[in-house]
Amino acid sequence: MFRFNLGKNLGWVLFLVLISTPVAAHTEKVSQDVGGMLHIEPHDNPHSGQTTQAWIVLTRKGGKLIPLKECNCQIAIYREPHKKGDLPLLKPQLKAVSKERYKDIPGAEIVFPKAGTYDLELSGSAKPGANFRPFKLLYTINVSS
């Protein structure tokens, strides 16, 4: 039997409302008690050989933003198909960026070498003083030539 838990479900509803923006191409994922919305510039349509800026709005369950300074975050890019245990093709350096209404969120500049499908994996754990469980978010990105 399905039971609706208002307190538990309301937190996720607030999270989704907080990170929703007018652009429909943003991809939202949830892992543990962390949600993330990926945005890729330009216009969520990366091109091979060109610098692409990716940024992820991270939010704790309930909607509180997680700035990069509170997260031991890492990003890894894999070419599809790949197997568990494969080394990433790229490991871009994350830096704090401020985009739209979000401040100090994780972002990176990425140059995809070829057209095709890639997986972007963002993993992280809380730095001292922050309160969220370790997470791993996986996004599939199609890169055009």
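**Note on two antiparallel sheets and their cores**

1. Three strands make up an open sheet in the order S4-S7-S8, and the pairing within this sheet is antiparallel. Its edge strands are S4 and S8, each of which pairs on one side only. Averaged over the sheet and with direction ignored, neighbouring strands are turned by 20° against each other. The model is a predicted one, and the remarks that follow should be read with that in mind.

2. Within this sheet, strand S4 (residues 71-79) and strand S7 (residues 116-126) pair in the antiparallel sense over nine bridges, and Ile75 stands opposite Leu122 in S7. On the other pairing, S7 is joined by nine bridges to strand S8 (residues 135-143), and the two run antiparallel. Two of the bridge partners in S8 can be named here: Tyr139 is the partner of Leu120, while Phe135 is the partner of Gly124. As general background, strands of a sheet pair through backbone hydrogen bonds, in either a parallel or an antiparallel arrangement.

3. Five strands form an open sheet in the order S1-S2-S3-S6-S5, again with antiparallel pairing. Strand S1 (27-31) and strand S5 (95-99) stand at its edges with a single partner strand each, so one side of each is left without a neighbour in the sheet. The average turn between neighbouring strands of this sheet, direction ignored, is 35°.

4. Inside the five-strand order, S2 is joined to strand S3 (residues 51-60) by eight bridges, and these two strands run antiparallel. The bridge partner of His39 in S3 is Trp55. Strand S2 (residues 34-41) also holds Gly35, which is buried, its relative accessible area being 0%. Gly35 and Gly62 are 27 residues apart in sequence, and their C-alpha atoms are 9.8 Å apart in space.

5. Which residues have the most contacts inside the largest nonpolar core? This core has 26 residues, and those with the most contacts inside it are Leu38, Leu58, Cys73, Leu120, Leu122 and Phe135. At least two residues of the core are supplied by each of S2, S3, S4, strand S6 (102-111), S7 and S8. S8 gives the most to this core, with five residues. A second, separate core has six residues, among them Met37, Val57, Val97 and Tyr102. In soluble globular proteins, nonpolar side chains generally tend to be buried together.

6. Leu120 deserves a separate remark. When its neighbours within four places in sequence are left aside, Leu120 is in contact with Leu38, Ala54, Ile75, Ala76, Ile77, Ile110, Leu137, Leu138, Tyr139 and Ile141. Tyr139, named in that list, is also the bridge partner of Leu120 in S8, and Leu38, likewise in the list, is one of the residues with the most contacts inside the largest nonpolar core.

7. One disulfide is counted in the model, and it joins Cys71 to Cys73 with an S to S distance of 2.1 Å. The torsion about the S-S bond of Cys71 and Cys73 is about 100°, and the disulfide is therefore right-handed. Is each of the two cysteines buried or exposed? Cys71 counts as buried because its relative accessibility is 3%, where the cut-off for a buried residue is under 20%. Cys73, at 14% relative accessibility, counts as buried too. Cys73 is also one of the residues with the most contacts inside the largest nonpolar core.

8. A search of the whole structure finds three aromatic pairs. One of these is formed by Phe112 and Tyr118, a tilted pair at 4.9 Å centre to centre with 50° between the planes. Phe112 is buried, with a relative accessible area of 0%, and Tyr118 is buried as well, at 1%. Phe132 and Phe135 form another tilted pair, at 6.0 Å centre to centre and with 50° between the planes, and both of these residues are buried. Phe135, as noted above, is the bridge partner of Gly124 in S8 and is one of the residues with the most contacts inside the largest nonpolar core.

Terms used: Residues are numbered from 1 along each chain as its sequence is written. This is a predicted model: local features need pLDDT of at least 70, side-chain atom pairs count only at pLDDT 80 or more; totals for chains, interfaces and linings use all residues. Side-chain values use heavy atoms; hydrogens and water are left out. A disulfide is a pair of cysteine sulfur atoms within 2.5 Å. Buried means under 20% relative accessible area, exposed over 50%, partly exposed in between (1.4 Å probe, protein chains only). Rings of Phe, Tyr and Trp (its six-membered ring) pair if their centres lie within 6.5 Å; planes under 30 degrees apart count as stacked, over 60 as edge-to-face and the rest as tilted. Two strands pair if DSSP finds at least two bridges between them. Helices (H or I, at least four residues) and strands (E, at least two) are DSSP runs, numbered from the N terminus. Axes are lines fitted to C-alpha atoms, for helices over the stretch in contact, and angles run from 0 to 180 degrees between N-to-C directions. A nonpolar core is a set of buried Ala, Val, Leu, Ile, Met, Phe, Trp, Tyr and Cys residues joined through side-chain atoms within 4.5 Å. Contact means heavy atoms within 4.5 Å.
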